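Me: I should like to go through this model by asking, for each label, what value stands behind it. Please set each value against its cut-off before concluding.

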Amino acid sequence: MKSHAKVVVIGGGVVGCSVLFHLARHGWTDVVLLERDELTSGSTWHAAGGMHTINGDPNVAKLQKYTINLYKEIEELSGQATGVHLTGGVLLAATEARLDWLRGVVAKGRYLGIELEEISPNEAAELMPLLDPKQFVGAVRNKEDGHLDPSGVTHAYAKAARKLGAEVERFTKVEDIVRRADGLWRVITNKGEVVAEHVVNAGGLWAREVGRMVGLELPVLAMEHMYLITEDMPEVAVWNAKTGTEIIHAVDFDGELYLRQERGGMLMGTYEKANKPWSEYQTPWNFGHELLEPDIDRIAPSLEVGFRHFPAFQNTGIKQIINGPFTFAPDGNPLVGPVRGLPGFWVACGVMAGFSQGGGVGLALSNWMIEGDPGADIWAMDVARYGDWATMAYTNAKVRENYSRRFSIRFPNEELPAGRPLKTTPIYDLLSAKGAQWGVAYGLEVPLWYAPEGVKDEFSWRRSSDFTQVAKEVRTVRDGVGLSEISSFAKYKVTGEGAAAWLDRMLACKLPKPGRMTLAPMLKQDGRLIGDFTLANLGPLDRDGDGWFLAGSGIAEQYHMRWFERHLPDDGSVHIEALGAKLTGLSIAGPNARELLAKATRSEVSNAAFPFMAMGRMDIGMAPCLVGRVSYTGDLGYEIWVAPEYQRAAYQTLMAAGEEFGIGLFGSRALNALRLEKNYGSWGREYRPIYGPLEAGLDRFVAYSKDADFIGKAAALVERKQGGKLRLRAFVVDADDADVIGDEPIWFDGAVRGWVTSGGYAHHSKKSIAIGYVPKEIADESDGFEIELLGKRHAARMQATPLFDANLERMRA
Ligand SMILES: Cc1cc2nc3c(=O)[nH]c(=O)nc-3n(C[C@H](O)[C@H](O)[C@H](O)COP(=O)(O)OP(=O)(O)OC[C@H]3O[C@@H](n4cnc5c(N)ncnc54)[C@H](O)[C@@H]3O)c2cc1C
């Protein structure tokens, strides 16, 4: 075994081998994979080997498509058969709600380049002869489904990597990992030590244990999973003889089952409700090529549905039941990327669909390690979407929930209950008493809307039980004044003598003067967005000396801290802190907001003294606060930042003072309705790392000519000159009883040309709005657009100027 390597990959399952292959293919050949046993000694060897292109997240779906297309290449490169059978498959719906969901999947496929086709149950039965069409209401055909040989694929990756110069050391167990003072990693094994610049944790079933070696508790849990294999079935033999083809794959969502042919019989896997975690706290090191004891009682309810939906199963015997463990992150997507605070330590774990996702994970990680960027939008898989709040108990609750709902529909207005409430602010009970219906962002409970007694969300693709109440909350803001809790924003404080120069390099905007704020896009080297913030220069306002305040997307706190810390100077001249729960927030907005604030504070808040984009310290009642004159509602408004111990007092003062102005509470759904009619985008929806500032309409906040050489400046100048490819646009949709939620296709002139990033109903303007990206060539057309919603195309008109307060009179009043 070599003593030094650029990269050590820990784990010889399908994921580790894919990472190794991609690193070598990308030109890093001084790389070694360490496997404690034979390759495939974790969850990989007993997998059912199914592969699918579809995924709830379109960006993950793209990587799944990449994975499936890769098998031919690694087979040719390695000379190792992968056993790929591209049989195609049917996705089955037994309910109308499920069919609506499938239509959404078909629609997404149109701009992802995934060919999906809605077919009737009878047509599905012609393709998959074992199903009873009477049990279903519709289906979708996917030609890119199939299955493969798990061991063949893993060895093909490893052999291809070796041919390119990478090394694989089997029977080499990593026992400890230690960071040296010079930043290199000592990877200590039972056979000696390797010193490496980078370490990749692809430990699969042992990813937690490998993480613990560097003090990391990864949110990963293994679950037992069962599939059965039948005796040979005459129906299968007849079909094979008649058509000369295998029986195709089927996913029966309502039965929570998947099926495929296995030799002369069938394989049926279940995601049962009565699921069971495996090795909740510690995965035994002596586990390897063993299986777990099957427990047919646990999967009996699923099998009952399966045997009804696929009656031929009633006449056959079960040859074998496989029960094996594999790992999940709380939301079921992989954990990939660099780990904040551990330079050179990377993870590629929690991959629950290794044969659909392993290639994409390897590609993204190798790009990231070599180029400094994953090369795709992989937010849905980024390890930084979780923070320390994703504890072991939280992960346990969430993974169990996720497993039991693996094939369940999640409606756009559906909040999942497991692992909650976890983080709450001091006014949680006060808002609950007012009927707050809670959602969750980065582990924190956030009020979505306020329900009258006895009303709650009815889950639906269409407008639902919250519609009239959200309209009322919007009216409160637009006609008087509303209060909302905004603690879920990420808040950062930047201090130190180098702070201004550092921010000038990190952010693309011009730095504001003391006591002022600005919108602050942040770019990557390739000139694309990596953040959007509100930046305030606290100057003399700051009690700890001159400092800066940043507010940004709450879900991206860890993601942004990882980026910030990576770029901090070594000399200690800049300090950045994520304030998290140390600072809570309230927002007041509406035409009466100033009068309300004036009543609640003794500070001068006239427009002259405290204009739009000012920031100041003021006491609200007795509570010391930092107040910014800005509002995402697009109305006259203020964001009030307050230490948690004062939040109740500030809230109660504002509510009492607001009584005479008709104050009411509004939640994030009303906020969405308000920001849509202002054409405001948000991080994670309109603003993502695949769009440039010009494309996203944020170029007006980019100080292209400022002296500072901000990150991404050169690329942003190129974008400005060449015009980029896309444009973000708002549309008014002729909708019926449903509004877009995001990821719907935008049609123009009879072809799919763009995609929706978000939308909803703008209650004040009484219009259904969709925001999304279209190619710049058609971005100035006003007509000819259609947006596909629940399987139907609706006419959409471009809305170039905001429907509300286009001249900014209300906001700057
Ligand atoms: C019953 C069942 C059916 C499945 N069906 C499918 C399916 O149809 N399609 C699909 O895509 N997926 C399926 N899966 C899931 C699939 O198996 C996983 O997604 C995949 O195996 C994950 O691979 P991995 O490389 O991340 O982890 P693992 O396969 O667990 O590999 C991790 C490797 O790391 C090694 N290792 C760990 N710690 C160390 C250390 N300290 N030193 C050295 N080596 C170490 C282990 O020995 C192991 O070989 C199924 C899983 C099960 C259990």
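Reply: A residue counts as buried when its relative accessible area is under 20%, as exposed when that area is over 50%, and as partly exposed in between. The coordinates to which these terms are applied here are those of a predicted model.

Me: Why is Thr40 called buried?
Reply: The relative accessible area of Thr40 is 3%. Buried means under 20%, so Thr40 is classed as buried. The residue lies in the loop between β2 (31-34) and β3 (50-51). Although Thr40 is not a glycine, its phi is positive, about 65°.

Me: Asp749 is not a glycine and also has a positive phi. Is Asp749 buried or exposed, and how do you know?
Reply: Asp749 has a phi of about 55° and is placed in the loop between β34 (745-748) and β35 (751-762). Its relative accessibility is 67%. Exposed means over 50%, and Asp749 therefore counts as exposed.

Me: What makes Lys434 partly exposed?
Reply: Lys434 has a relative accessible area of 47%. The class of partly exposed runs between the 20% and 50% cut-offs, so Lys434 belongs to that class. Lys434 is located in the loop between α11 and β20 (436-441).

Me: Which residues does Lys434 contact, leaving aside neighbours within four places in sequence?
Reply: Contact requires heavy atoms within 4.5 Å. On that criterion, Lys434 is in contact with Tyr450, Ala451, Tyr651 and Leu665. Leu665 is 231 residues from Lys434 along the chain, and their C-alpha atoms are separated by 8.4 Å.

Me: How do you know that Gly288 is buried, and which residues does Gly288 contact beyond its neighbours within four places in sequence?
Reply: Gly288 has a relative accessibility of 5%; the limit for buried is under 20%, and Gly288 therefore counts as buried. Its place is in the loop between β16 (277-278) and α8 (296-309). Its contacts, with those neighbours set aside, are Arg36, Ser41 and Trp45. The C-alpha atoms of Gly288 and Pro521, 233 residues apart along the chain, are separated by 48 Å.

Me: Why is Gly113 called partly exposed?
Reply: The relative accessible area of Gly113 is 46%. Partly exposed covers values between the 20% and 50% cut-offs, so the label applies to Gly113. Gly113 lies in the loop between α3 (96-112) and β5 (116-119). From Gly113 to Lys524 there are 411 residues in sequence and 27 Å in space, C-alpha to C-alpha.

Me: What makes Ala589 buried, and what does Ala589 touch?
Reply: Ala589 has a relative accessible area of 0%. The cut-off for buried is under 20%, so Ala589 is buried. Ala589 is found in strand β28 (residues 584-589). Not counting residues up to four places away in sequence, Ala589 touches Val477, Gly480, Val481, Gly482, Ser631, Thr633, Leu636 and Gly637. The C-alpha atoms of Ala589 and Val630 are separated by 9.0 Å, with their positions 41 residues apart along the chain.

Me: Why are α1 and α2 called roughly perpendicular?
Reply: Helix α1 (residues 14-25) and helix α2 (residues 58-78) pack at an angle of about 70°, and their axes are 13 Å apart. Angles of 65 to 115 degrees count as roughly perpendicular, and α1 and α2 are therefore described in that way. Phe21, His22 and Arg25 of α1 make the contact with Tyr66, Leu70, Glu73, Ile74 and Leu77 of α2. By class, this contact has five nonpolar, one polar and two charged residues.

Me: How do you know that the protein agrees with the rule for a compact globule?
Reply: For 813 residues, the rule gives a radius of gyration near 28 Å; the protein has 27 Å, so the two agree. Its C-alpha atoms fill a box of roughly 85 × 65 × 50 Å along the principal axes. Buried residues make up 62% of the 813 residues. Among contacts between residues at least 6 apart in sequence, 72% join residues at least 24 apart. The protein contains 18 helices and 38 strands.

Me: Which peptide bond is cis, and what is its omega?
Reply: The bond from Arg420 to Pro421 is cis, with omega near -10°. Pro421 is placed in the loop between α10 (392-404) and α11 (428-433).

Technical notes. Residues are numbered from 1 along each chain as its sequence is written. This is a predicted model: local features need pLDDT of at least 70, side-chain atom pairs count only at pLDDT 80 or more; totals for chains, interfaces and linings use all residues. Side-chain values use heavy atoms; hydrogens and water are left out. Axes are lines fitted to C-alpha atoms, for helices over the stretch in contact, and angles run from 0 to 180 degrees between N-to-C directions. Helices (H or I, at least four residues) and strands (E, at least two) are DSSP runs, numbered from the N terminus. Angles under 35 degrees count as roughly parallel, over 145 as roughly antiparallel, 65 to 115 as roughly perpendicular and the rest as oblique. Ala, Val, Leu, Ile, Met, Phe, Trp, Tyr, Cys and Pro count as nonpolar, Asp, Glu, Lys and Arg as charged, and the others, Gly among them, as polar. The radius of gyration is taken over C-alpha atoms; the globule rule is 2.2 Å times the number of residues to the power 0.38. Buried means under 20% relative accessible area, exposed over 50%, partly exposed in between (1.4 Å probe, protein chains only).
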